[in-house]
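Me: I have this model open and would like a close look at a single part of it. Could you walk me through one helix packing and then show me how it sits in the whole?

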Number of protein chains: 2
Amino acid sequence: MKLPLEGVLVLEFAQYLSGPCAGLRLADLGARVIKIEHPEKGEAGRKLSIKNLWLDDSSLLFNTINRNKESFAADMNNAEDMETLRRLIARAHVLIHNFRPGVMEKRMLDYESVKAINPSIVYTQISGYGSKGPWAKKPGQDLLVQALSGLAFTTGSYEDNPTPLGLGIGDYLCGNQAVQFILAALIRSRKNGKGTLLELSLLESLIDLQFEFFTTYFASGKMPERAHHHNAHSLLSAPYGIYKTSDGFIAIAMMSLQQLNKMMESQVLTQFSEGDVFSKRDEIKVVIADLLLHHPNDFWIQKAQIFDLWIMPVLNWKQMKTSKGYQVLEMEQEIASSKGGKKITTTRCPIRINNKKLYAGKAAPALNEHTQQIKQSLL
Amino acid sequence: MKLPLEGVLVLEFAQYLSGPCAGLRLADLGARVIKIEHPEKGEAGRKLSIKNLWLDDSSLLFNTINRNKESFAADMNNAEDMETLRRLIARAHVLIHNFRPGVMEKRMLDYESVKAINPSIVYTQISGYGSKGPWAKKPGQDLLVQALSGLAFTTGSYEDNPTPLGLGIGDYLCGNQAVQFILAALIRSRKNGKGTLLELSLLESLIDLQFEFFTTYFASGKMPERAHHHNAHSLLSAPYGIYKTSDGFIAIAMMSLQQLNKMMESQVLTQFSEGDVFSKRDEIKVVIADLLLHHPNDFWIQKAQIFDLWIMPVLNWKQMKTSKGYQVLEMEQEIASSKGGKKITTTRCPIRINNKKLYAGKAAPALNEHTQQIKQSLL
């Protein structure tokens with residue numbers, strides 16, 4: 001299958017997760033994505049290992065985020081390398097960077113300078129907090145942006161500390177949104193030949209994620225409050241939440257108490273009316289939680305099926321991996337290391353195009369792996 | 001400013017959050033997005049109110065998600081309306097639906113039928129779990145998909161129940177990814193004139209969000225475990241997390257214990273080595289938590305600034321709204337209701353294009369508002 005973005009050339013001046021995450025998606029959609037790396041140090045993410053997991057000389061994480069890309073080594077403090085970079089930029093359609101404000105300017109690789117070399121470039125800069133204001137020069141780190149954005153007050157229950165989402169949601173989301181805007185800008189530049197400057201920030205992405213919360217707060221003047229028990233969405237009423245059973249956990253989505261009670265058969269629950277589901281949210285949730293503890297997951301899931309209720313078990317990754325519903329998606333793919341040998345298993349791009357799942361088993365590049373080849377083919 | 005997607009026509013056969021969220025982004029980028037709604041019932045989301053907040057006859061939520069769109073009323077059980085719809089489809093570039101598998105097929109609006117009318121259409125279907133397997137016909141509801149995907153085991157601390165993210169992350173993310181794939185497919189269809197079938201699911205989107213977790217699990221055979229205290233990312237070591245102070249909360253990102261201790265000045269902390277940060281993660285976090293309780297947020301934030309540490313305060317929405325770092329982003333925009341009168345405030349599209357922030361103050365449509373006008377201008 002010819003991929004949608006074949007022929008698109010992307011230069012990635014980026015490290016860690018947000019920018020590289022955008023590059024990964026573009027690569028999976030068919031773009032040629034070249035990482036520009038320092039000849040000795042390489043991308044900073046190569047050395048960021050979690051749980052001490054490595055593949056060749058780079059972290060497992062780097063290998064995961066940067067599969068399906070090429071590596072071009074250039075020292076931005078070296079005049080000759082900079083001249084080569086400028087010639088490469090002249091050939092590119094998209095440039096992505098996630099340096100702090102000021103870094104690309106100092107290298108004369110800000111939008112205006114790059115546009116002078118390549119008038120139709122889509123120039124994309126990802127920052128933590130935008131380029132102005134008191135936070136502009138602060139580290140644009142995922143947890144810090146979660147903390148500032150209000151997001152930590154959406155999750156966990158009322159008595160808990162504000163609870164961050166346990167993964168790099170700001171980086172991931174901002175990288176994903178960069179792809180949206182880059183592709184929209186490509187559509188525009190193909191029509192009018194003009195360049196585009198795109199600016200995104202982790203903070204704006206996390207505000208956008210909370211758009212329902214902000215709008216509700218603006219309209220009511222009251223901040224949404226997490227439920228005292230089993231919070232799953234501050235703005236939703238009982239029974240919505242995740243509950244413990246005698247041997248596991250189940251999730252209960254929206255339904256009336258009457259519907260739920262078909263399965264619970266509880267006298268206590270009948271004492272609450274549908275008008276109570278928000279005002280007595282916590283009381284009701286405690287009653288439900290107590291009842292659910294008496295039987296195992298299977299008991300409740302079977303009941304839920306009989307009455308066609310919106311209830312599902314909560315799975316961990318191991319349970320999920322062995323479940324038919326996961327396996328049928330065929331989400332896994334093997335990636336060989338760039339030096340041959342060892343393979344890692346990771347997930348594929350989450351799309352099916354014309355009934356085909358999008359696999360791309362090309363490894364992450366070794367530092368400097370494609371420099372010569374890129375010089376020969378593009379410069 | 002001419003917006004990047006001007007001239008693109010999108011038909012949205014969608015309800016609630018995932019599909020409409022994709023339509024909203026496309027509209028903000030300049031596409032003309034037409035919601036196809038039942039003449040009496042309208043989109044189901046019109047009646048889904050949270051906290052009993054309404055604007056005109058539809059929920060505040062509906063008004064938030066569907067601003068900047070048009071409404072076309074058609075009864076898919078009525079032959080005449082179906083003929084009109086087919087003529088409208090012939091004019092469109094993109095079709096989005098998020099019905100359960102089988103629904104569009106029954107209306108003869110599946111991809112093959114639609115492609116027969118419009119050979120270059122980008123046909124996008126969003127489901128809960130894909131179209132095959134034991135979950136295919138289950139409700140594709142956000143919390144249920146979070147539960148099945150393993151995501152709830154990323155958040156909260158070890159002793160907590162699996163903790164869902166307190167907002168509709170699956171819906172939101174899948175809608176955002178739909179935009180990526182739609183725009184890539186548009187680029188392709190403009191080159192080769194061919195149609196594209198895109199299939200996404202909430203489950204695949206939430207698996208993709210956890211790609212680091214899955215890859216780590218596959219490589220190590222061990223499931224990532226949430227920290228017992230102050231968990232913020234299972235795969236990261238101490239001190240990473242959110243902590244209580246004497247009057248608030250602060251977030252501490254990656255740093256060595258030695259760096260942190262410049263600010264903490266604790267004898268106890270010096271007893272741990274850098275080699276302990278993962279193996280004694282919980283012990284270290286408890287020590288840090290106890291120390292932080294002795295002073296207020298400002299005290300710690302000032303210290304952190306002196307030593308240039310990656311630490312920020314945790315803000316709620318109210319604190320955020322009054323902070324300079326938020327205000328400088330100018331994220332808010334006013335939307336009038338379609339019937340004039342009342343206004344709501346919501347957030348803008350999280351992008352700056354050529355130094356301009358992307359505002360779009362057009363209200364969500366009243367049911368049936370644009371049917372006549374669309375018939376006259378397009379059919």
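Reply: Happy to; what follows starts with a pair of helices in chain B and then moves outward to the sheet, the chain and the two copies.

Please keep in mind that this is a predicted model. The pair to look at is helix α7 of chain B, residues 169–192, and helix α8 of chain B, residues 202–209. Their axes lie 8 Å apart and meet at an angle of about 90°. Because of that angle, α7(B) is roughly perpendicular to α8(B).

Which residues make the contact between α7(B) and α8(B)? From α7(B) come Ile169(B), Gly170(B), Asp171(B), Leu173(B), Cys174(B) and Gln177(B). On the other side, α8(B) offers Leu202(B), Ser205(B), Leu206(B), Asp208(B) and Leu209(B). Sorted by class, this contact of α7(B) with α8(B) holds six nonpolar, three polar and two charged residues.

Now let us step over to a sheet that takes strands from both chains. It is an open sheet of eight strands with mixed pairing, running β5(A)-β2(A)-β1(A)-β6(A)-β7(A)-β8(A)-β14(B)-β15(B). At its edges are β5 of chain A (70–73) and β15 of chain B (356–358), each pairing on one side only. On average, and ignoring direction, neighbouring strands of this sheet are turned by 25° against each other.

You can zoom in on the chain B end of that order. There, strand β14 of chain B, residues 349–353, pairs with β15(B) in the antiparallel sense over three bridges. If you want a spot to click on, try Cys349(B), whose bridge partner in β15(B) is Leu358(B).

For the wider setting, here is chain A. Its secondary structure comes to 17 helices and 15 strands, and its C-alpha atoms fill a box of roughly 80 × 50 × 40 Å along the principal axes. Of the 379 residues in chain A, 62% are buried. Taking contacts in chain A between residues at least 6 apart in sequence, 70% join residues at least 24 apart.

Finally, how do the two copies relate? A turn of 180° with a shift of 0.0 Å along the axis lays chain A on chain B with an RMSD of 0.0 Å. That is why the relation is one of a two-fold axis. To find the axis from chain A, go to Gln180(A): its C-alpha is the nearest one in that chain, at 2.4 Å. Both copies use the same surface, since 100% of the contact residues of chain A recur in chain B.

Methods: Residues are numbered from 1 along each chain as its sequence is written. Chains are lettered from A and ligands numbered from 1 in the order in which they are written. This is a predicted model: local features need pLDDT of at least 70, side-chain atom pairs count only at pLDDT 80 or more; totals for chains, interfaces and linings use all residues. Side-chain values use heavy atoms; hydrogens and water are left out. Copies are superposed by least squares on the C-alpha atoms of residues with pLDDT of at least 70 in both. Contact means heavy atoms within 4.5 Å. Axes are lines fitted to C-alpha atoms, for helices over the stretch in contact, and angles run from 0 to 180 degrees between N-to-C directions. Helices (H or I, at least four residues) and strands (E, at least two) are DSSP runs, numbered from the N terminus. Angles under 35 degrees count as roughly parallel, over 145 as roughly antiparallel, 65 to 115 as roughly perpendicular and the rest as oblique. Ala, Val, Leu, Ile, Met, Phe, Trp, Tyr, Cys and Pro count as nonpolar, Asp, Glu, Lys and Arg as charged, and the others, Gly among them, as polar. Two strands pair if DSSP finds at least two bridges between them. Buried means under 20% relative accessible area, exposed over 50%, partly exposed in between (1.4 Å probe, protein chains only).
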